[in-house]
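Here are my notes for you, written as a short list of points. Keep the viewer open and find each residue as you read.

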Amino acid sequence: RSAGGMSALAMSGGMAASGRYVASRAARRGANGGFAGGVPGRVPFVRARAKRAFFAPVASARSTASARSRRGRVSDVATRAVEPDAVTAEDDDLLFGLPKRDVGEPLAILLASQFVLFIGVGALLPALPLYAQNIGLSGSANGIVLSAPALAMLLLNLPAGKLVDSWGRKQMMMAGMAVIALSDLATSQCRTVAALVPARLALGAGRAAAENGDRAYLADLTDRFPSARGTMSGSQQAIQALGLVIGPLIGGRAVEAFGAPTVFLLISGAAFACTGGYSLLPDINVAAEREEERIALSMDMSAEEEEEMERELEAIKAKSDWRVLLESDRQRVITVAAAANALGFVAKLTCIPWFATQALDATPAQVGELFSVTALLGMVSAPLSGIVADKIGLKAVVVASLAMCAAGLVVAQDSADFHELQLCIGLWGMGTAAAGPAVNALAQESAPRGGEGEALTLPKTAGDLVFLVGPVFLGGFDDFLGSAGASLDIVAGAAAAAAAYALVSLKPMGEEDVDE
């Protein structure tokens, strides 16, 4: 089939365009005397009941079939917005094979903003561990500084996830990114652990807001076109990887020319630019849309139907509770895989550059080159993994990518020179770049409808917990053994164990529920 034909076929099952949905929803509100001021807050159902009492004779004349139809819609509205006609190629222009207005354009703005941000993040990668060395921090002390953001994120992820659902995705993304920019600006002026830790705690607070908002925003976009969920997640990873290709080259040379503090000014500017980009995003909040739809529907319900809908909402809320989620093998696999992949990123900030500089005498520019080559390879593997995931399933990608991570780090310690290290870390980079979007897509696919913002914080919190203890543990392990890079075996073992666990325990969607 042609690409256009495939796109049309795929879109025939996608979520309806939000513009058409908003229009139809507004029409229903107008017909029912609803709200004209945008998304309302929690509105008591008293108003709806008063209206029904006034029109009681009319309501009593409704057919049994109509009442049954309304009851059937309760579950649909509780789990997602009501869908009008599906988007087709004739209804909407396409952008990269996606509905342009409702998916393609917001995704393009999101990725362009994050591309600028990740150039700054990439510039920081070679600078942060070298900055710690320049001001005389040991591996353990450097681990404490690196763990500070994770502590803040660990404490704030759950409330941030709830705010993402209630206040809005875009609002949390912008607020968090502004805090990130200010905290990196403060970091550039710090020279001691006592000063660095508060600045990095503030960074963690900003990341908790921005990253939870980003995950929920992308989940909303993929819900509008679920057949391309893996491709969209892979595209985000590829754009971020492209920024990480360019950034380390800039950062390594900036450290040599102007000193490590300069790099924090670069990432602060990138974060401010990303904030501006986020401001251009359309507001997308499926949770708020559901709330508005529920209020509109409640005006045409009996008291029994309202109680039924409230029970549905309580059931959805219960399903997104972490304790309930962790009863599922699928959610446990997602959590373990996210933690193992996060430990690889901890290694990227600690033992990998430490090993390169101490064991192989790499310069800051060479460390930047190492990360750029790794990101370049990851930029290729990330979108490919998304396409493969859409074709044959996420399980194969998660298992294979984590196995690649383990293999790359196992052989890295035997590198005789810097070029051999590049090859080994390149293999690891391809694995971790593929694992990231696969785990994210798996989490999005598995999140209970109606509680995505809260449910998606579970794998993120697992990663943040690793970021909290990982730098201190890995740095202390290397200090204890007196061997730079000895902790790479620990990181490789974690990736291998996660791959094996996913291979054995991850079942297709719905199959676990049937077994239970």
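What share of the contacts in the protein with a separation of 6 or more comes from residues 24 or more positions apart? Keep that in mind for the first point, and remember that this is a predicted model.

1. **Contacts along the chain.** The share is 85%: that part of the contacts with a separation of 6 or more joins residues 24 or more positions apart.

2. **The overall build.** The protein has 23 helices and two strands. Its chain counts 516 residues, and 53% of them are buried. About 20800 Å² of the protein is exposed, with carbon and sulfur atoms supplying 64% of that area.

3. **A buried glutamine.** Try finding Gln114, which sits in helix 6 (residues 100–134). Is Gln114 buried or exposed? Its relative accessible area is 3%, so Gln114 counts as buried, the cut-off for that label being under 20%. Now look at what surrounds Gln114: once neighbours within four places in sequence are set aside, it is in contact with Asp214, Gln236, Gln240, Cys274 and Tyr278.

4. **A nonpolar patch on the surface.** Next, turn to the outside of the model. Four leucines, Leu151, Leu155, Leu156 and Leu201, form a nonpolar patch there, and together they have about 320 Å² of accessible area. Which helix gives the most to this patch? That is helix 7 (residues 139–166), with three residues. Leu201, on the other hand, is found in helix 9 (residues 193–224). Leu201 counts as partly exposed because its relative accessibility is 30%, and that label covers values between the buried limit of 20% and the exposed limit of 50%.

5. **Cysteines without disulfides.** A disulfide is a covalent bond between the sulfur atoms of two cysteines. How many does a search of the whole structure find? The search finds zero disulfides. Two cysteines you can look up yourself are Cys351, which is buried at 1% relative accessibility, and Cys424, which is buried with a relative accessible area of 12%.

6. **A loop residue with a positive phi.** Finally, visit Asp361, in the loop between helix 16 (351–359) and helix 17 (364–392). Although Asp361 is not a glycine, it has a positive phi of about 55 degrees. Why does Asp361 count as exposed? Its relative accessibility is 61%, and exposed means over 50%.

Technical notes. Residues are numbered from 1 along each chain as its sequence is written. This is a predicted model: local features need pLDDT of at least 70, side-chain atom pairs count only at pLDDT 80 or more; totals for chains, interfaces and linings use all residues. Side-chain values use heavy atoms; hydrogens and water are left out. Patches are made of residues with over 30% relative accessible area and no salt bridge: like charges are joined within 9 Å, nonpolar side chains (Val, Leu, Ile, Met, Phe, Trp, Tyr) within 5 Å. Accessible areas come from the Shrake-Rupley method with a 1.4 Å probe; for residues, only the protein chains shown count as cover. A salt bridge is a side-chain nitrogen of Lys or Arg within 4 Å of a carboxyl oxygen of Asp or Glu. Helices (H or I, at least four residues) and strands (E, at least two) are DSSP runs, numbered from the N terminus. Buried means under 20% relative accessible area, exposed over 50%, partly exposed in between (1.4 Å probe, protein chains only). Contact means heavy atoms within 4.5 Å. A disulfide is a pair of cysteine sulfur atoms within 2.5 Å.
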